[in-house]
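Here is my note on the model you asked me to read, set out as numbered points so that you can follow each one with the structure open beside you.

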Amino acid sequence: MKTELGHADLNIPAEPKKTLKDRVLRALQLGYQTVAINTVVNQENLFNKKQMKNAKDKESAMMSFPEPVKLELTDAELKSLPNQTKKPTILSRLTILFFHNDFLIHYNKSEAVKNYDLLAVVPKTSLSLLNLMKSSFKFDIVSLNLDYMEEFRWHRKLYREVLGSHAHFEMNYAEMISNRDVRRRNITLAQNMFWAGKCKGILLSSGASRTIYLRPPADVANLSMLLAMTEAQGKEAVLNLPTLVYKAALGRKMGTFRVRVEVVNKEESSSDEEEEEGMDVEQEIG
Amino acid sequence: MVRRKHRYAVVQLERTSSIALPYLDVKPLKASEDDIFKAVKIKLGELHGDYGRAVTTLGMRVKYLNEATRIVVLRARQGEPFKMMASTLPFVTSIGAESIQCTTLYIAGTIRHSLIFLEKRQKRIFKQVLEMFKSDKGQKKYKMSEPELKERILQITKLEM
């Protein structure tokens, strides 16, 4: 099973759907090896049968989580990519904007959520995040969305609790390029994260709704200078941390204390009796 | 005297109107070295303030500009000045009246290495462009008649001749 992702952009929004393929191709052409297509669901739009009738915004109202968006690249598109030796990886990701643990009722009933590779949450307040972490719900990423998390302040204890549950943080750079106000707020947020946890475990993703806001991995790593991170942290944010997030997500989906045995190379295993089975042990940590 | 070290960033300026399009963008850039230098300095001032402008003043220069391929080699002093300049480049979105996007291709310690990288890259891209001039059967067809060649170039670049 392939777990090394290389340079990765773990947040390419599925909306608008018309430009999704262009954005994914552009990211792969800029040097990313892995891309994750992000579907966003707001808890305010989740209703049961009775509530659906009285819902104000019927277009965005839903009763269950949607299926992940799938994208396949043609041979001609794959040939246009700079790296011809490795096939690119396209993952699926679900982001849940929540303010209360009630969304778990819809989550536990849904079959579609099991088809997503990555799971991210955006809490409205620190209390809602604390309550979520007390439950048995596990997630991979806490995405730092400035518009939804206006009342949020990070503290050392909460920061370490999130890292301790094998989750990581994520900051998006696309809006910083177009909007000066968002840029300032992101830099302030980075200073807050530095005070709370020295900016450990922070991913840098695009969150780009337009092709022109995507940047290559080297340029994204250089944003560490603005975001109170060291040079090494900046490079990790694009290269090593996405791989760690993906491995933690695999462990979360597999459950606790499961062992996966996989034959690595059938030709070698048949000739050499001692190395018959390639052991690929994966288990959820803790 | 201790040597003054620099870092050279090889940057490609892509027009936002021609990103991710299936044909080549062959129109030259309508900007001079001064225009590019000013655009980067203004953005530096916005992001890093007076300190950023002051720290990068000594040693920051446009060392190479090719309008046809839209490649720029920017130099800055090693260390903090270069880090500030490199962190500014993603935010440079316009030069003069043109809307562009900066892509850092390579960071070199000497101008010689940056030009060696450029040479290898241009040779690789030239081979890719020659592939576009192959006939439908996959045969090499570089010796074409003038009207054939014009038609093929128009197909690849969508230029109006």
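**Notes on the two chains and their contacts**

1. A good place to begin is a group of charged side chains, since R180(A), R183(A), K43(B) and E46(B) are linked in a network of salt bridges. Please keep in mind throughout that this is a predicted model, and that every value below was computed from it.

2. Within that network, the side chains of R183(A) and E46(B) form a salt bridge, with 3.3 Å from N to O. R183(A) belongs to helix α8 (residues 180–197) of chain A, while E46(B) belongs to helix α1 (residues 33–57) of chain B, so this pair joins two chains. The two partners can also be described by their accessibility: R183(A) counts as buried because its relative accessibility is 5%, whereas E46(B), with a relative accessible area of 29%, is partly exposed.

3. Which side chain meets K83(B) in a salt bridge? The partner is E231(A), and the distance from N to O is 3.7 Å. This pair also crosses between chains, running from helix α2 (residues 80–88) of chain B, where K83(B) lies, to helix α10 (residues 231–238) of chain A, where E231(A) lies. Here K83(B) is partly exposed at 39% relative accessibility, and E231(A) is partly exposed with a relative accessible area of 47%.

4. A salt bridge may also lie within one helix, as E119(B) and K123(B) show, with their closest N and O atoms 3.3 Å apart. Both residues are in helix α3 (residues 111–131) of chain B, and they are four residues apart, which is about one turn of the helix. E119(B) is partly exposed at a relative accessible area of 46%, while K123(B), at 53% relative accessibility, counts as exposed. Over all chains, the structure holds 14 salt bridges.

5. In general, side chains of opposite charge can pair when their charged atoms come close. With that in mind, D219(A) deserves a careful look, for this residue is buried and yet has no salt bridge. How far away is the nearest side chain of opposite charge? That side chain is R215(A), at 5.6 Å, and a salt bridge would need a nitrogen and a carboxyl oxygen within 4 Å. D219(A) sits in helix α9 (residues 217–222) of chain A, and, if its neighbours within four places in sequence are set aside, D219(A) is in contact with P90(B), C102(B), T103(B) and T104(B).

6. Helix α8 of chain A, already met through R183(A), is also the place of N186(A). N186(A) is buried, at 3% relative accessibility, and, not counting residues up to four places away in sequence, N186(A) touches L146(A), M171(A), N172(A), M176(A) and L227(A). By contrast with those contacts, N186(A) and L46(A) are 29 Å apart in space, C-alpha to C-alpha, and 140 residues apart in sequence.

7. Turning to how helices pack, the axes of helix α5 (residues 126–134) and helix α6 (residues 156–164), both of chain A, come within 11 Å and cross at roughly 40 degrees, and the crossing is left-handed. On the α5(A) side the contact is made by S126(A), L129(A), L130(A) and M133(A), and on the α6(A) side by L158(A), E161(A) and V162(A). These residues divide into five nonpolar, one polar and one charged.

8. A loop residue makes a useful companion to these helical examples. S80(A) lies in the loop between α3 (75–79) and β3 (89–98) of chain A, and S80(A) is partly exposed, with a relative accessible area of 42%. S80(A) and K253(A) are 173 residues apart in sequence, and their C-alpha atoms are 34 Å apart in space.

9. Finally, the chains as wholes. Chain A comes to 12 helices and seven strands, and buried residues make up 51% of its 286 residues. Of the contacts in chain A with a separation of 6 or more, 75% are between residues 24 or more positions apart. Chain B has four helices and five strands, which follow the pattern β-α-β-β-α-β-β-α-α along the sequence. In chain B, buried residues make up 37% of the 161 residues, and residues 24 or more positions apart account for 68% of the contacts with a separation of 6 or more.

Conventions: Residues numbered from 1 in each chain as written. Chains lettered and ligands numbered in written order. Predicted model: local features only at pLDDT ≥ 70, side-chain atom pairs only at ≥ 80, totals over all residues. Heavy atoms only, no water. Buried < 20%, exposed > 50% of the residue type's maximum accessible area, 1.4 Å probe, protein only. Lys, Arg positive; Asp, Glu negative; His and termini not counted. Contact = heavy atoms within 4.5 Å. Axes fitted to C-alpha atoms, helices over the stretch in contact; angles between N-to-C directions. Left-handed = near helix turned anticlockwise from the far one by under 90°. Nonpolar A, V, L, I, M, F, W, Y, C, P; charged D, E, K, R; others polar.
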